[in-house]
Amino acid sequence: MKATDLRGKTAIVGVGLGGLPSAPNRSSMEIQTEAVHQALTDAGLNLSDVDGLFTGSSHAFMPALSTAEYLGIRPKISDTTMIGGSSFVGHLLPAAMALQYGLCDVALICYGSNQGSGFGKLKSMSEPQTYEAPYDPRHPITSYALAAARHMHQFGTRREDLAEVAVAARRWAQLNPLAFARDDLTLEQVMASRMVNDPLSKLDCCLVTDGGGALVLVRSERAKDFPKPPVYMLGTAMAHWHRQISSMPDLTVTAAAESGPRAFAMAGLAPKDVDVVELYDAFTINTILFLEDLGFCAKGEGGAFVRDGRIAPGGNLAVNTNGGGLSCCHPGMYGTFLLIEAVQQLRGEAGARQVDNAHIALCHGNGGVLSSQVTALLGDASTL
Amino acid sequence: MTNAFSGSGPDAVFAAYLADGRFMLQQCDDCKKHVFYPRVLCSHCGSPKLTWQPASDQGTVYSTTVVRRKPEQGGDYNVALVDLSEGPRMMSRVDGLAPHEVMIGMDVRVKIIDEPGHGKLLVFMPTQGGGA
């Protein structure tokens, strides 16, 4: 038995969104449930078919219990491994294993939050870090600012490069009717926006919005029985090396440098094979770090790689095609949205933002302060 | 070396030293590397044989940021990551110059101050030309 045995064995047969672009006066559970309903409808299934539950929350202590009770389902297996915003990409692996071993037949991954309308700030049960808290870092931006500052120092990355990431995300968002931020945005506007933690300004930060996402997974052997073209899990891997930024070994190298190669190895693929890329862009520096660590460019060259609109619509590489956490949505944790956008691209149902000939997608989740990294490669039927 | 599994734990021991105005670091008897933050087991080799040693108090700024804050709330302040000469990295702050004047690569030394509302706090000062 080996990790590559899981290649192509799990299929995503339903996806659903909820609460986008905003959902005033609706609770997190209500938003999540809308996404679940949409995903099950997409798959042609009912709630009673769900017997595996994979979920997470930044405000509920026992989210599987709350979610199952609210939906009226009785899962045979649940997992709520909490590694921050990447958790839902992380759920692919236990869901695939549970399906493969017959522990469940229909796995549901879901998340929802009313963070934008409900409480406006990042609400979290995150425990204070004893040896960082006395210096009053702003969580999480100070940590990402320290990483950006180090990347700029070490490689000559410029603030303009960070701004390129924000502008590219906005241009994709302008093609997505569900994106929260769709106004025109220029490099000059990003450069002039209010500094929050040097070198990160307000427009280098992800949104704080409402939103929910859900995915329905089954064993691939029955994937063709569903209404929509199945999207297959070709490879996935996680890695985490630290919790707090002061314990990160090298602030210019994330654990994506480990999760990426392992996910590519499981899938039997390389970066050059990828048609569409969805990266967890909590801050503009993330996109640059992950393009490097996942092998789309060499370490230190991420700034040059994103220049001149190269990751924007019409550029060299399609990155964050829904507008990302920067311009589409970021309801506290963004992981489900990476997967859902990839599925929509691989099905060819992404409308104005559809990438031509999209057969292989890479999703990369980030959690904590560049802490947890989870890479997943998804493909359509031609990639099996 | 103290017994790793009895008596006050490393967090409490560190805090007691700091309250007494001393910055102490754990060093592993087995692999000889230093550990910060304080732990029960060496994070390099897993050994429980950690011995408290006075820190050299010397370090280098690994990264730095200015946390922007309104003047009426106290104004901007620095948060830095400092690589101690013994090896471990810690979050801290560099005092003695304006927050934006703290530079990556700057040599700094420990200063233990009385922080209002907090007690003893371990911060850093520029080694050269940074004022008192």
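1. In helix 4 of chain A, which spans residues 92–100, the residues A:Leu92, A:Pro94, A:Ala95, A:Ala96, A:Ala98 and A:Leu99 are buried. Please keep in mind, here and in every point below, that this is a predicted model. Just after helix 4 of chain A comes A:Gly102, which takes a positive phi of about 75°.

2. A second point concerns the surface of chain A, where A:Met1, A:Met97, A:Tyr101 and A:Leu103 form a nonpolar patch that together has about 510 Å² of accessible area. One member of this patch, A:Met1, lies in the segment before strand 1 of chain A, the strand made of residues 10–18. A:Met1 counts as exposed because its relative accessibility is 88%, and the cut-off for that word is over 50%.

3. A residue to set beside A:Met1 is A:Phe337, which is found in helix 13 of chain A, residues 335–347. A:Phe337 has a relative accessible area of 2%, and is therefore buried, since that word applies under 20%. Leaving aside neighbours within four places in sequence, A:Phe337 is in contact with A:Leu17, A:Leu20, A:Gly211, A:Gly212, A:Gly213, A:Asn322, A:Cys329 and A:Pro331. As a further distance to check in the model, the C-alpha atoms of A:Phe337 and A:Gln38 are separated by 14 Å, although these two residues are 299 residues apart along the chain.

4. Turning to the interface, 26 residues of chain A are in contact with 27 residues of chain B. Between them, chain A and chain B bury about 2200 Å², and 59% of this area is on carbon and sulfur atoms. On the side of chain A, the residues that lose the most area to chain B are A:Tyr131, A:Tyr135 and A:Leu146, which together account for 36% of what that side buries.

5. What kinds of polar pairing cross this interface, and how many residue pairs are in polar contact? Across the interface of chain A and chain B there are 14 residue pairs in polar contact, with both residues at pLDDT 80 or more, and the rule also finds one salt bridge there. In a salt bridge between the two chains, the side chains of A:Asp198 and B:Arg68 meet at 2.7 Å, N to O. The elements that give two or more residues to the side of chain A that touches chain B are helix 6, residues 141–155, and strand 5, residues 195–197. Helix 6 of chain A gives the most to that side, with six residues.

Technical notes: Residues are numbered from 1 along each chain as its sequence is written. Chains are lettered from A and ligands numbered from 1 in the order in which they are written. This is a predicted model: local features need pLDDT of at least 70, side-chain atom pairs count only at pLDDT 80 or more; totals for chains, interfaces and linings use all residues. Side-chain values use heavy atoms; hydrogens and water are left out. Patches are made of residues with over 30% relative accessible area and no salt bridge: like charges are joined within 9 Å, nonpolar side chains (Val, Leu, Ile, Met, Phe, Trp, Tyr) within 5 Å. Accessible areas come from the Shrake-Rupley method with a 1.4 Å probe; for residues, only the protein chains shown count as cover. A salt bridge is a side-chain nitrogen of Lys or Arg within 4 Å of a carboxyl oxygen of Asp or Glu. Helices (H or I, at least four residues) and strands (E, at least two) are DSSP runs, numbered from the N terminus. Buried means under 20% relative accessible area, exposed over 50%, partly exposed in between (1.4 Å probe, protein chains only). Contact means heavy atoms within 4.5 Å. Buried area is the accessible area (1.4 Å probe) that two parts lose on being put together, summed over both. A polar contact is a pair of N or O atoms within 3.5 Å; within protein, one must be able to donate a hydrogen and the other to accept it, and residues adjacent in sequence count only if both atoms are side-chain atoms.
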